[in-house]
Amino acid sequence: MDRPADILVSVVMAVSESDTGFADLIRDLRIMLEAKAKDYEIILIDNATHDGTMATIEQLVDEVPNIQVYSLARACDRDIAVLAGIENAIGDYVITLLPIRDQVSALPTMLDLAMAGAEVVFGRSAADAAEQGWLYRAMTKAFFGLYYRVTGILIPPEGSQLRLLSRRVVNYLLQSEPSHIMLQALPAMSAFKSRTVDYATSARGRLQRRSLGSGVHKALSLVLSTTAFPARMLSVLAMTAGLLNLLYAMYVIAIAIFKTGVAEGWTTLSLQISGMFFLVSLILALLSEYIVRIFEGSFRRPLYLVAREMSSAVLSRQQRLNILHNLPAKPKKQARQ
């Protein structure tokens, strides 16, 4: 049997009220981590649950070592909850997973790839995407295809929340704003060496369907946070429309000089005004989105608030750090003759 690698692994999962069966997942996770890593920590983010989830977590804290628990004061988006765990993780490698779907069996392969040199390992499963509606899947595929053509950043639409990040990637992620939006795209945007692992999901529960409105909101947030292409496209469009209007003004002047008995151009003037107002409306809509984001960021409000913390009674790293009793006794100074 291989000896555990001399690494510290952090596993982060956000637990919501709809998640079931995560207790068995954590027990299996403990066995795997003790076999693969010399030290580990399991970070649970209680996403403001009000059912029996906290009672289950408290029982796990008594049974399983190296668990860190952070209870959020209010329910947040799952990406924000996961980010709260990443910010508190201290491992050489940080693994994020979805407790209702992901399995422990894929993690040893991901850790082997990471120790072989990969700094980002993506878990890929088509099961999560299959549970969404056909319209949601079609729009997701079309969006990521267009996003790749525009930015050159390839984000697989069937990608899951199961991923492994090295400490260097985590530090890079936490320095990027907004981190919770960049969580999905940033590892794919960077030049870090990445690998992909295909895996099968478990049947602990059924993933809640995401609404089309929430998907559009996330897509818009991703585009506005990672690329300036929409603003640049509308700038070019505005310049083109301005040039066409200038040419049209020259045409009107030429007609007024060289042609007599010109009828009133009510139709042409109406089309021009309506077209310009439509263009101005698009520009103002995009500028409004950027202004809203600047306005929200100017307050520096926290994305989440930790209301309660707890940890296992046994933390293996603290036991190893407590080495004072192993220090050799200081030699006594000899009295000078």
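## One side of helix α2

In helix α2, which spans residues 53-63, the buried residues are Thr 53, Met 54, Ile 57, Leu 60 and Val 61. They share the same side of α2, because together they cover an arc of only 115° around the axis. Keep in mind as you look around that this is a predicted model.

## The chain as a whole

Stepping back, the chain has twelve helices and eight strands. Of its 337 residues, 40% are buried. Its accessible surface comes to about 20100 Å², and carbon and sulfur atoms account for 60% of that.

Sequence distance is worth a look too. Among the contacts with a separation of 6 or more, 86% are between residues 24 or more positions apart.

## Strands β1 and β4

Let's turn to a pair of strands. Strand β1 (residues 5-15) pairs with β4 in the parallel sense, over four bridges. If you would like a spot to start from, find Val 11, whose bridge partner in β4 is Ile 95.

Strand β4 itself covers residues 93-96. Tyr 93 and Ile 95 point one way from this strand, while Val 94 and Thr 96 point the other way. This fits a general pattern: in a regular strand, side chains alternate between the two faces of the sheet. Are these four residues of β4 buried or exposed? All of them are buried, whichever way they point.

## Two nonpolar cores

The largest nonpolar core holds 41 residues, and those touching the most other members are Met 13, Ile 26, Leu 29, Leu 44 and Ile 67. Two or more residues each come from β1, α1 (22-36), β2 (37-46), α2, β3 (67-72), β4, α4 (107-115) and β6 (159-166). Helix α1 gives the largest share of this core, seven residues. Leaving aside residues up to four places away in sequence, Leu 29 touches Val 11, Met 13, Ile 42, Val 104 and Leu 107.

Apart from this core lies another one, of 22 residues. Its members include Tyr 70, Ala 81, Ile 86 and Leu 183.

## A buried loop residue

One last stop is Thr 227, which sits in the loop between α9 (212-226) and α10 (229-258). Why does Thr 227 count as buried? Its relative accessible area is 18%, and the cut-off for buried is under 20%.

Thr 227 also makes a nice case of sequence against space. Val 150 is 77 residues away from Thr 227 in sequence, yet their C-alpha atoms are 9.0 Å apart.

Conventions
Residues numbered from 1 in each chain as written. Predicted model: local features only at pLDDT ≥ 70, side-chain atom pairs only at ≥ 80, totals over all residues. Heavy atoms only, no water. Buried < 20%, exposed > 50% of the residue type's maximum accessible area, 1.4 Å probe, protein only. Pairing = 2+ DSSP bridges. Arc of directions from axis to C-beta. Core = buried A, V, L, I, M, F, W, Y, C linked by side-chain atoms within 4.5 Å. Contact = heavy atoms within 4.5 Å. Areas by Shrake-Rupley, 256 points an atom, 1.4 Å probe, with all protein chains shown as cover.
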